[in-house]
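Trainee: I have a structure open and would like to learn how to read it. Please take me through it one feature at a time.

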There are 2 protein chains.
Amino acid sequence: MTIFNLTRRYFPILTWGAEYSRSTFTNDLIVAGIVTVMLIPQSLAYAMLAGLPPEVGLYASMAPLILYAIFGTSRTLAVGPVAVASLMTAAAVGQLASPGTPEYYGAAVALAMVSGLLLLAMGLLRLGFLANFLSHPVISGFITASGIQIAASQLAPVLGIQAHGENFLDLMQSILPNFEHINPYTATIGLSSLIFLFWVRRGLKPLLLKFGLAERSADLLAKTGPIAAIAAATLSVWGLGLTEHGVKIVGTVPQGFPELAMPTVDLALWATILVPALLISIVGYVESISVALTLAAKRRQRIDPDQELIALGMANVGSAISGGFPVTGGFSRSVVNFDAGAETPAAGAFTAIGIAFATLFLTPLLYFLPNATLAATIIVAVLSLVDIGALKRTYTYSKTDFTAMAATITLTLVEGVEAGLLAGVSLSIFLHLYRTSKPHIAVVGQLPGAMTFRNVNRHVVVTDPEILSLRIDASLYFPNARFIEDYINQSVADSPEIRHVILECPAVNTIDFSALETLEAINYRLKDGGITLHLSEVKGPVMDGLQKSHFLHELTGKVHLTQFDAVSSINSSLAQHTLEAHKENH
Amino acid sequence: MTIFNLTRRYFPILTWGAEYSRSTFTNDLIVAGIVTVMLIPQSLAYAMLAGLPPEVGLYASMAPLILYAIFGTSRTLAVGPVAVASLMTAAAVGQLASPGTPEYYGAAVALAMVSGLLLLAMGLLRLGFLANFLSHPVISGFITASGIQIAASQLAPVLGIQAHGENFLDLMQSILPNFEHINPYTATIGLSSLIFLFWVRRGLKPLLLKFGLAERSADLLAKTGPIAAIAAATLSVWGLGLTEHGVKIVGTVPQGFPELAMPTVDLALWATILVPALLISIVGYVESISVALTLAAKRRQRIDPDQELIALGMANVGSAISGGFPVTGGFSRSVVNFDAGAETPAAGAFTAIGIAFATLFLTPLLYFLPNATLAATIIVAVLSLVDIGALKRTYTYSKTDFTAMAATITLTLVEGVEAGLLAGVSLSIFLHLYRTSKPHIAVVGQLPGAMTFRNVNRHVVVTDPEILSLRIDASLYFPNARFIEDYINQSVADSPEIRHVILECPAVNTIDFSALETLEAINYRLKDGGITLHLSEVKGPVMDGLQKSHFLHELTGKVHLTQFDAVSSINSSLAQHTLEAHKENH
């Protein structure tokens with residue numbers, strides 16, 4: 001690969017930037033305006049969910065967007081703070097410090113840094129495949145459980161009571177006894193925000209359509225609901241002086257930019273947060289890449305999964321340097337970006353400028369914004385993550401997958417996000433290792449009158465009691481080599497009449513050194529028992545490999561072109577032997 | 001399964017015991033005599049290697065043999081202390097206490113206990129497949145490195161100097177500066193034992209054969225070499241009063257049986273030794289099962305891998321209860337047992353009785369046995385484990401496997417046994433996950449004039465630019481689902497003329513829920529791009545599964561019986577469309 005190509009691969013901005021036109025610019029600018037308006041309350045709310053000061057949400061919505069615009073391969077993905085990553089941040093950092101302390105904030109920034117470095121390393125080493133080991137049932141179960149837990153955690157601010165807990169059980173035990181301490185003013189604001197936001201989600205769009213608005217405009221207008229709720233709630237608190245009645249508000253949000261600073265390289269702290277950082281990275285990556293792929297498919301655009309790791313890595317490192325917390329590509333904001341008509345990642349960069357403007361000039365407007373309304377926007381946002389139907393669909397399709405999903409949900413709710421996710425991933429990898437260690441092997445026989453061989457359990461075929469023909473439907477490598485060895489040993493021990501074993505290898509794409517030694521052992525042991533071993537239909541590259549070893553010299557039988565050849569040649573040599581034995585007797 | 005069958009499965013003694021005859025009894029008794037003589041010096045030597053008092057080696061050679069006779073499925077496997085497990089015991093326990101202290105001994109006993117419980121659990125849960133993830137190159141590299149390290153560690157006692165170290169590097173740094181402190185008396189005994197034992201191994205058997213002995217007798221007699229060396233060395237030390245010149249001897253070995261006692265359930269200690277115990281269990285199991293399989297094949301006997309886990313687990317628990325340390329099925333002693341003609345596991349039980357007799361009455365004879373001679377027997381035994389040729393064979397066959405092997409050897413020698421083994425296993429699992437996440441996908445085309453489809457890269461075939469035909473050579477599940485998704489996305493993004501994608505699925509044995517959702521996503525995204533998705537050659541059970549989902553309703557194309565049908569039906573519907581378009585134009 002030339003340096004030119006390499007540069008283009010690692011800096012996708014060079015590709016789309018070269019074609020950037022004035023009309024695209026105008027379009028991206030309009031999109032950025034819409035997304036900015038939507039992003040401000042979301043950023044504040046997710047910072048609150050992570051246990052951080054509201055301005056940190058704004059900080060995490062500037063540098064990451066610009067860096068993603070430079071390094072990302074999706075034209076429409078919008079990065080920033082998201083619900084699940086914020087919950088995971090709170091869970092990880094909460095074990096190290098108390099919310100509100102500088103240590104807590106420092107740990108959240110370090111988490112973004114380590115998470116970013118991990119993503120970068122995975123991208124440069126092309127380890128994106130590791131994310132595959134988060135299976136769909138596990139990630140879906142995890143997101144459902146996280147959604148339930150986030151909603152539960154926001155119930156307290158909506159009602160104006162105190163509650164805390166690392167998992168759903170703890171939260172509920174903490175909330176229920178406090179129901180008598182509900183603040184009626186806070187609860188009124190919180191519940192009416194909640195009802196309004198639900199109505200916006202369900203009822204506003206049909207209403208706007210009925211009033212003759214175009215589909216796309218109705219969609220976008222309905223998405224500004226949170227801004228309307230926030231404006232109304234802020235005005236009420238200010239106008240009615242509700243802070244005197246104990247309604248909690250956002251208060252002073254520092255104006256101006258964060259100081260850019262490399263987070264201190266505190267290796268002890270980094271080691272402590274390594275596992276949570278890895279989990280946040282992988283969950284964030286999985287969410288982000290699936291959104292990117294879905295949106296790219298609509299316009300037949302390309303996504304480079306490894307470059308996406310680099311882009312998300314840079315975005316998180318950028319977030320850490322500018323005082324933010326972990327970010328990733330979010331579903332709802334990317335869809336808004338896409339629906340609003342974003343054509344290039346420049347829309348993201350312009351959004352960052354919009355947020356910067358808000359951070360500089362608009363934060364005083366947020367002073368009287370009640371926490372209850374922010375909590376309500378979170379609840380409405382995360383309930384769309386809860387997908388109970390997926391449990392049923394998974395159960396109908398596969399009991400194994402359902403088990404992994406149920407275990408993830410249960411452990412997440414009972415023990416917390418890290419325990420749930422780790423259990424799910426471990427279970428998935430374990431099931432995968434188990435499955436690949438037991439390859440499919442079919443005893444085959446000849447279809448009468450044909451030269452083809454088929455599974456004896458599925459077809460009426462001809463077999464010879466002296467010949468055991470096995471078709472191996474997998475590559476041979478260390479995880480499954482012993483299974484094949486055991487299978488042959490048991491078959492031969494069970495049928496004393498067997499004199500020949502033929503392995504039909506049309507599906508064997510590779511034979512690694514462990515499997516080669518296993519084949520040698522099988523050959524050697526069969527020889528001890530007076531049985532010859534043959535192979536048939538060995539693929540070209542596999543045969544090339546075998547020729548580099550001693551196996552072919554030691555093989556008691558032969559390598560035949562087809563299974564039919566193998567059986568015929570054994571039968572004819574048997575006939576030969578019988579003939580010779582017959583002659584000797586005479 | 002009936003209770004009767006279950007009992008027979010878990011107690012193989014019921015099967016062979018039912019056929020036990022007087023002649024088998026006599027035979028097994030003779031075998032036991034031979035094996036006992038060979039086992040005594042080995043047991044003492046391996047206890048010394050593990051840093052334990054010599055009698056612990058005897059304790060580990062009684063109860064485990066009897067328990068294996070009850071639970072084991074191999075007729076000829078001989079369990080007891082082995083070199084590699086003893087080295088691993090020393091490495092694990094050495095981190096917790098100093099050799100010679102009661103804590104050290106207690107930890108070694110606990111290690112046998114935990115290792116036994118782990119093996120039992122793996123056997124009852126049928127997790128034997130986990131041992132497969134120790135690939136051949138890793139285990140072979142590990143055993144070679146262990147052999148080198150054990151030999152190095154025994155150099156000091158052979159020469160009568162002090163040395164210690166957790167790995168080969170440390171050992172060498174500890175031995176080399178002490179060369180001036182060599183004790184000439186110890187070194188004379190040690191080196192002459194070494195030379196004698198090497199000669200016995202190489203030269204004695206041919207000599208005996210020349211004197212007219214039968215092959216088998218010569219073999220067995222040659223194996224008594226260590227006993228002769230020990231007798232000669234002991235007599236010399238006693239006769240020449242060499243202890244006064246600083247020659248270290250075994251000294252008082254307590255007579256009589258160990259006290260049977262459950263080791264204290266010290267969960268904190270057990271947690272500390274969990275990883276080493278797991279590694280010892282798995283390495284021991286792999287060694288044991290491969291010996292068992294090799295010997296069983298010679299007589300076409302059956303080995304049940306899961307029951308072997310239970311038998312080795314019981315043997316280790318038994319060892320712990322009777323004050324012994326970790327044991328497993330050893331190669332050299334099993335071969336002696338087999339060559340001597342052992343017919344049933346009763347030979348092992350009778351060997352245990354022989355060792356018990358020795359423990360009761362013969363230990364005073366061991367008082368003047370010099371440590372240097374025991375060390376020499378260890379060096380001779382372990383050098384046969386070192387297989388440098390395997391490095392070359394692996395390198396020739398596969399660079400990937402060679403890398404795993406070289407990494408294991410290097411880390412074992414430089415860092416120690418646990419680091420080396422863990423690195424090897426992690427690397428193997430990582431490579432496995434990587435490999436299974438990238439399944440083989442072939443773009444296929446039609447062989448001219450035939451109904452079959454083949455890889456476009458290997459055959460001259462006919463393809464249609466509007467149809468992308470892909471043969472997927474693997475089951476579809478979560479580790480590889482995303483790869484297939486990416487592959488299709490990139491292919492479609494690269495070739496704008498594609499209108500149909502056909503997945504040929506003859507090698508797809510299962511589709512898990514992750515892969516099902518991925519197929520749904522592929523179908524949905526292709527639909528967005530105006531492309532239909534078809535499947536062909538879907539296996540019966542897979543089709544049954546798909547019918548339980550909504551996928552078939554949403555599929556934009558069809559499921560065809562064969563790839564040929566798929567292409568024909570697409571072409572005919574294309575022709576239909578063209579015809580209709582043609583008609584409309586007129």
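Mentor: We will go through the two copies, a sheet, a helix and the core.

Mentor: This is a predicted model, in which local features need pLDDT of at least 70 and side-chain atom pairs count only at pLDDT 80 or more, while totals for chains, interfaces and linings use all residues. Residues are numbered from 1 along each chain as its sequence is written, chains are lettered from A and ligands numbered from 1 in the order in which they are written, and side-chain values use heavy atoms, without hydrogens and water.

Trainee: What turn and shift lay chain B on chain A?

Mentor: Copies are superposed by least squares on the C-alpha atoms of residues with pLDDT of at least 70 in both. Here a turn of 180° and a shift of 0.0 Å along the axis lay chain B on chain A, with an RMSD of 0.1 Å. That is the relation of a two-fold axis. The same surface serves both copies, since 99% of the contact residues of chain B recur in chain A; contact means heavy atoms within 4.5 Å.

Trainee: In what order do the six strands of the open sheet in chain B lie?

Mentor: Helices (H or I, at least four residues) and strands (E, at least two) are DSSP runs, numbered from the N terminus. Two strands pair if DSSP finds at least two bridges between them. In chain B the order is β4-β3-β5-β6-β7-β8, with mixed pairing. The edge strands are β4 (453-455) and β8 (559-560) of chain B, each pairing on one side only. Strand β7 (residues 532-536) of chain B runs parallel to β8(B), joined by two bridges, and Leu535(B) stands opposite Val559(B).

Trainee: Is helix α18 of chain B largely enclosed or left open, and why?

Mentor: Buried means under 20% relative accessible area, exposed over 50%, and partly exposed in between (1.4 Å probe, protein chains only). Eleven of the 13 residues of α18(B) are buried, so this helix is largely enclosed by the rest of the structure. Among the buried ones are Asn371(B), Leu374(B) and Val382(B). The cover includes α3 (22-49) and α12 (225-240) of chain B.

Trainee: Which residues touch the most other members of the largest nonpolar core?

Mentor: A nonpolar core is a set of buried Ala, Val, Leu, Ile, Met, Phe, Trp, Tyr and Cys residues joined through side-chain atoms within 4.5 Å. The largest has 223 residues, and Met88(A), Leu134(A), Met88(B) and Leu134(B) touch the most other members. Leaving aside neighbours within four places in sequence, Met88(B) is in contact with residues including Phe142(B), Leu279(B) and Val417(B).
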